[in-house]
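These are my notebook entries on a structure I consulted residue by residue. I record what I looked up and what I found.

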Amino acid sequence: MRERVSFRVSEAVKERESDCENEIGAGSAGSIVATRLSEDNENSVLLLEAGKSDLEPDDITQIPSLWYSLIGSEKDWGYKSVSQKYSHFAYQNERGYIAQGKVLGGSSSINSINILRGSRSNYDKWKQEGAPGWGYDDVLPYFRKLENVTETSYKDSRN
């Protein structure tokens, strides 16, 4: 069963939230979508995160080789799968552990910074089925941009 999360929101945020058209979770994809949406001054974007920040220099999420210590920590939701009929026989009730990041950056912050582009054919199929801009050649520049991030200020996400 999914944990219910309560937020304490300041009055200033509540007031701003009523004007907000785009409310986005602060996981990997949500953070990127929020960044892109906020490039248009006409958009109002509220980025929400239930967990803690991972931006402190001494935060363990900043040390990729220690990713395993984040599994089961306060930065992990601690989800379990439903009972499995054909697998997970060594697990209690045949339920597998599903690590999901409860931290700014979501699961990308607790998975040792692994990234997988995905299959060219999947992206091209999305485009073919009516999702313009989602073909592999369309998204490839964004993958390259993500894979080559060395600037930490992220002043201009359009470059």
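Entry 1: His88 and Asn93. I first looked up the exposure of His88 in this predicted model. His88 has a relative accessibility of 29%, so I entered it as partly exposed; the range for that class runs from 20% to 50%. I located His88 in the loop between strand 3 and strand 4, the latter being residues 97–98. I then read its backbone: phi of His88 is near 60 degrees, a positive value in a residue other than glycine. I noted this because most residues other than glycine have a negative phi. Asn93 is found in the loop between strand 3 and strand 4 as well, and phi of Asn93 is likewise positive, near 60 degrees. With a relative accessible area of 49%, Asn93 is also partly exposed.

Entry 2: The chain as a whole. I asked how many helices and strands the protein chain has. I found four helices and four strands, and along the sequence they follow the pattern α-β-α-β-β-β-α-α. Of the 159 residues in the chain, 19% are buried. I also looked up contacts with a sequence separation of 6 or more: 43% of them join residues 24 or more positions apart.

Entry 3: Lys75. Is Lys75 buried or exposed? I entered Lys75 as buried because its relative accessibility is 7%, and the cut-off for that class is under 20%. Lys75 has its place in the loop between strand 2 (45–48) and strand 3 (79–80). I set aside the neighbours within four places in sequence and listed the contacts of Lys75. They include Lys52, Ser53, Asp59 and Thr61, and also Gln100, Gly101, Lys102 and Val103. Leu70 and Ile110 are among them too.

Entry 4: Aromatic pairs. I counted six aromatic pairs in the model. One of the pairs I looked up is Trp77 with Tyr79, which is stacked, at 6.0 Å centre to centre and 5 degrees between the planes. Trp77 and Tyr79 are both buried. I checked the face of Trp77 and found Lys102 lying over it, at 4.6 Å from the ring centre. Lys102 had already appeared in my list of contacts of Lys75.

The other pair I looked up is Tyr123 with Trp126, which is edge-to-face, with 5.0 Å between centres and 80 degrees between the planes. Both residues lie in helix 3, three residues apart, about one turn of the helix. Tyr123 counts as buried because its relative accessibility is 11%, whereas Trp126, at 40%, counts as partly exposed. I further noted that Tyr123 and Trp126 belong to one aromatic cluster with Trp134, Tyr136 and Phe143.

Entry 5: Helix 3 against helix 4. At what angle do the axes of helix 3 and helix 4 cross? The axes of helix 3 (residues 120–128) and helix 4 (residues 136–147) cross at roughly 125 degrees and come within 8 Å. I therefore recorded helix 3 as oblique to helix 4. From helix 3, the contact is made by Arg120, Tyr123, Asp124 and Lys127. From helix 4, the residues are Tyr136, Asp137, Asp138, Val139 and Phe143. Sorted by class, this contact has five charged, four nonpolar and no polar residues. I closed the entry by noting that Tyr123, Tyr136 and Phe143 take part in the contact and are also members of the aromatic cluster.

Technical notes. Residues numbered from 1 in each chain as written. Predicted model: local features only at pLDDT ≥ 70, side-chain atom pairs only at ≥ 80, totals over all residues. Heavy atoms only, no water. Axes fitted to C-alpha atoms, helices over the stretch in contact; angles between N-to-C directions. Helix = DSSP H or I, 4+ residues; strand = E, 2+ residues; numbered from the N terminus. Parallel < 35°, antiparallel > 145°, perpendicular 65-115°, else oblique. Contact = heavy atoms within 4.5 Å. Nonpolar A, V, L, I, M, F, W, Y, C, P; charged D, E, K, R; others polar. Buried < 20%, exposed > 50% of the residue type's maximum accessible area, 1.4 Å probe, protein only. Phe/Tyr/Trp six-rings, centres within 6.5 Å; stacked < 30°, edge-to-face > 60°. Lys NZ or Arg CZ within 6 Å of the ring centre and 35° of its normal.
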